[in-house]
Amino acid sequence: MRSFKAVAVDQSSGEQRTIPLRQYVESVVLAMHHELRHTKLTVTVLCPDDLRIRSYPGAFSQIVINLINNSRIHAFEPEQPGQVILEFSTPDERLHFCYRDNGKGMDESCRHRLFEPFFTTRRDLGGSGLGMAIVYNLVTQTLGGTISCQSTPGCGIVLTMDFPLNRQP
């Protein structure tokens with residue numbers, strides 16, 4: 001319950017603070033239990049225990065939530081087992097975030113439109129097409145980073161993000 005409350009507060013706050021990244025991301029995943037409990041998805045966080053960053057935790061939580069929900073809705077059929085991996089490292093004094101799933105992947109035309117507002121392949125399930133556009137804006141605008149996508153049909157998705165370790169306001 002404490003994790004859920006902390007994540008909820010961070011999402012509504014635009015304030016910057018220092019966060020222990022592994023613990024924070026794990027608490028975001030834990031707060032998503034309701035959305036994940038009826039799936040067969042395994043979510044793994046790979047991050048050094050001592051990695052701390054100064055940034056906007058609300059933006060990080062929204063990115064993680066949108067990415068996992070996107071995989072849950074688009075990459076896997078209901079009841080299909082799957083894996084989601086969130087991996088963080090700090091080469092060259094920057095935060096490198098690699099998000100990947102082993103879902104159904106996407107073709108080149110979908111991949112090129114992935115970050116467009118209102119683009120969705122699951123409008124039939126109520127998809128708004130805003131999740132990945134929000135992720136793109138949070139990564140590039142709020143966190144001052146970059147994001148790229150690699151995917152082919154049948155091979156899942158790999159999203160690579162790169163951020164400053166200490167985001168200046």
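In this predicted model, the protein is built from 6 helices and 7 strands. Read from the N terminus, these elements follow the order α-β-α-α-β-β-α-β-β-α-α-β-β. The protein has 169 residues, of which 40% count as buried. Contacts across the sequence are worth a look as well: among those between residues at least 6 apart, 70% join residues that are at least 24 apart. The accessible surface of the protein amounts to about 9100 Å², and carbon and sulfur atoms account for 51% of this area.

A good place to begin a closer tour is strand β7, which spans residues 157-164. Its side chains alternate between two faces. Ile157, Leu159, Met161 and Phe163 point to one face and are buried, whereas Val158, Thr160, Asp162 and Pro164 point to the other face and are not buried.

Strand β7 also has partners in β5 and β6. Strand β5 (residues 94-101) runs antiparallel to β7 and is joined to it by 8 bridges. Within this pairing, histidine 96 has aspartate 162 of β7 as its bridge partner. Strand β6 (residues 146-151) is likewise antiparallel to β7, here with 6 bridges. Aspartate 162 appears in this pairing too, since threonine 146 stands opposite this residue in β7. Aspartate 162 itself belongs to the face of β7 whose side chains are not buried. The connection between β6 and β7 is a hairpin with 5 residues between the two strands, and glycine 154 in the turn adopts a positive phi of about 85°.

Aromatic side chains offer another view of the packing. A search of the whole structure finds 3 aromatic pairs. One of them brings together phenylalanine 88 and phenylalanine 97, whose ring centres are 4.3 Å apart; the planes meet at 20°, so this pair is stacked. Phenylalanine 88 and phenylalanine 97 are both buried.

Another pair is formed by phenylalanine 115 and tyrosine 136, with 5.3 Å from centre to centre and 35° between the planes, a tilted arrangement. Phenylalanine 115 sits in the loop between α5 (108-113) and α6 (131-142), while tyrosine 136 is part of helix α6, so the pair ties together parts that lie 21 residues apart in sequence. Tyrosine 136 is partly exposed, its relative accessible area being 34%.

Definitions and conventions: Residues numbered from 1 in each chain as written. Predicted model: local features only at pLDDT ≥ 70, side-chain atom pairs only at ≥ 80, totals over all residues. Heavy atoms only, no water. Helix = DSSP H or I, 4+ residues; strand = E, 2+ residues; numbered from the N terminus. Buried < 20%, exposed > 50% of the residue type's maximum accessible area, 1.4 Å probe, protein only. Contact = heavy atoms within 4.5 Å. Areas by Shrake-Rupley, 256 points an atom, 1.4 Å probe, with all protein chains shown as cover. Phe/Tyr/Trp six-rings, centres within 6.5 Å; stacked < 30°, edge-to-face > 60°. Pairing = 2+ DSSP bridges.
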